[in-house]
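Let's walk through this one together, a piece at a time. Have the sequence and the 3D view open as you read.

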Amino acid sequence: MVQIILESIGISPERVIMDHCSSAEGAKIAEIARKMTAKLKELGPSPLKISESE
Amino acid sequence: MELEKTYDIGTSKNIMELMKLFLKANIVESVLWFDTKKTRFDLAPKEITNPDDLTQDLLGQYCLYNYDRLDTTANFVRKKLDGAKNKKIAVIAKPCDIRAFIELSKVRQVNLDNILIVGIECPETINKKVLIKTLEKEGIDTEKIVGESRISVEQISFKLETGNKIIDIKDGLVYLNCTRCPRKISMKSDLNIGERGQDKWIVQIVSEKGKKAIDSVATDNLISGISEGENELVNKLIDISQQNRAADFEKLDAMTNKERFKLFYDTFSKCRKCASCINVCPVCFCHDCDLQRKTKLERADKKAGVENWEKMDRILYILTKMGHMCDSCIECGKCSQVCPVGIPSADTYRYINDKIQKKYGYVAGNSVDEMSPRSGIEIKKLLEALNK
């Protein structure tokens, strides 16, 4: 649902993910975080931030 | 009277008489009628419990809060009449009000069992300010108007004491949102009324409840016979709306993310956080609204260290509202109508709604049993726990 909103207003929906892991899966959390940060770095700063600084 | 049949009822006065009969027969305890101050454009909803008070015959295709009013039927029932939880009320509602009632009943804000909904076949909403200006330009005294009806897609006829005056519909007279609305006739009401030709009204029996209500009063003097055919004008308007809608979405779909963001940012960064759109929204119901606690937001933003937080906050404000409302927006367009700086937020909601419909097949306000893909499962679980 959030992804739909973001796409409709022109922010790439990949910026938000939802996943689930239990408290025993520390490695999985780290893996997801790593993946996400890599993706975000690839996408660059959010268009919201760019518009603010202009 | 038979289910799903349409009957001629004569002039709009007879509909008032029908309401009187409902009150006298104790089918409903009160009727949500309307009150006027000066001209028929200053209508306000009013609850009437005594049948003798029901004297103002103001019903017209447009006269039913179809001029831009802040208090929609659904909002009035929820806020002022306690959601009809303890008494039976008859209301006349536009299709978008009916959708609002359905959405509100899903979250237990109104009791649909107690509301006798008389739906109206909606010929789109008129912008009051533009209308009064247009009338003044034509040299018509607004106080002398006694009736009005839409006679074709391009024209509205105003009934004066001296005769009829026809006004062309030009840009801005009809709200943009209404020209994109494909649901102008609702079949979720109990009875439907509509104008077919000048001051020739029909009543259609839609639900068992409506049938029971109309059967238990003597309507022989009011109803003259079965009416054939459908409301061609409204059907034509629905076709046009659907085309407009598809064209809008096509345009937005063709944009790249960057262009879409620019459009969004340019329109929404004018927001002044006045909360008009929240107060007018018929499905926004939280008693303690997160977005209206200003100090809290300010502090949070300062602490989070967002640069330029003042402007940022506006976008967050819009996004928070979108997150709350996107799966229950019924596309009434009130948020665009009341916005003091003229942000067309309804356009964005409409686009989001379309996407939700394509992905989940869910349309807000269509049925009481359909639950939102987001919060529906949780609400169902809660209700089951409550009913145990």
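Start with the seam inside chain B: putting domain 1 of chain B and domain 2 of chain B together buries about 2,400 Å², and carbon and sulfur atoms give 54% of that. Buried area here is the accessible area, taken with a 1.4 Å probe, that two parts lose on being put together, summed over both. The domain assignment runs domain 1 from 6–234 and domain 2 from 255–387, with bounds that come from an automatic or database domain assignment. Across this seam, 27 residues of domain 1 of chain B are in contact with 30 residues of domain 2 of chain B, where contact means heavy atoms within 4.5 Å. The C-alpha centres of these two domains of chain B sit 28 Å apart. As for salt bridges between them, the count is 0; the rule asks for a side-chain nitrogen of Lys or Arg within 4 Å of a carboxyl oxygen of Asp or Glu.

A word on what you're looking at. This is a predicted model, in which local features need pLDDT of at least 70, side-chain atom pairs count only at pLDDT 80 or more, and totals for chains, interfaces and linings use all residues. Residues are numbered from 1 along each chain as its sequence is written, chains are lettered from A and ligands numbered from 1 in the order in which they are written, and side-chain values use heavy atoms, with hydrogens and water left out.

Now for the empty space. Rolling a probe the size of a water molecule over the atoms shows where such space is left. The search uses a 1 Å grid over the protein atoms alone: a cavity is a set of points where a 1.4 Å probe fits but cannot get out, a pocket is an open set with protein on both sides within 12 Å along at least five of seven lines, and lining residues have an atom within 4 Å of a point. Grid points are joined across faces, edges and corners, and a volume is the space filled by probe spheres set on the points.

The largest pocket has a volume of about 570 Å³. Of its 31 lining residues, B:Val283, B:Cys284, B:Phe285, B:Cys286 and B:Met325 are the closest to its centre. Why does this pocket lie between domain 1 and domain 2 of chain B? Because both domains give residues to its lining. Helices H2 (73–79), H3 (95–106), H8 (276–280) and H10 (309–325) of chain B each supply at least two lining residues; helices (H or I, at least four residues) and strands (E, at least two) are DSSP runs, numbered from the N terminus.

Next, the closed spaces: the whole structure has 5 cavities of 30 Å³ or more, and the largest cavity holds about 180 Å³. Among its 18 lining residues, B:Cys271, B:Cys277, B:Ile318, B:Cys339 and B:Ile343 lie nearest the centre. H10(B) gives the most to this lining, with 3 residues.

Finally, step out to the other interface. Chain A brings 14 residues to the contact and chain B brings 23 residues. About 1,700 Å² is buried between chain A and chain B, with 72% from carbon and sulfur atoms. Here, too, the rule finds 0 salt bridges. Over all chains the structure holds 16 salt bridges. One of them joins B:Lys184 to B:Glu124, with the closest N and O atoms 3.2 Å apart. That pair links distant parts of the chain, 60 residues apart.
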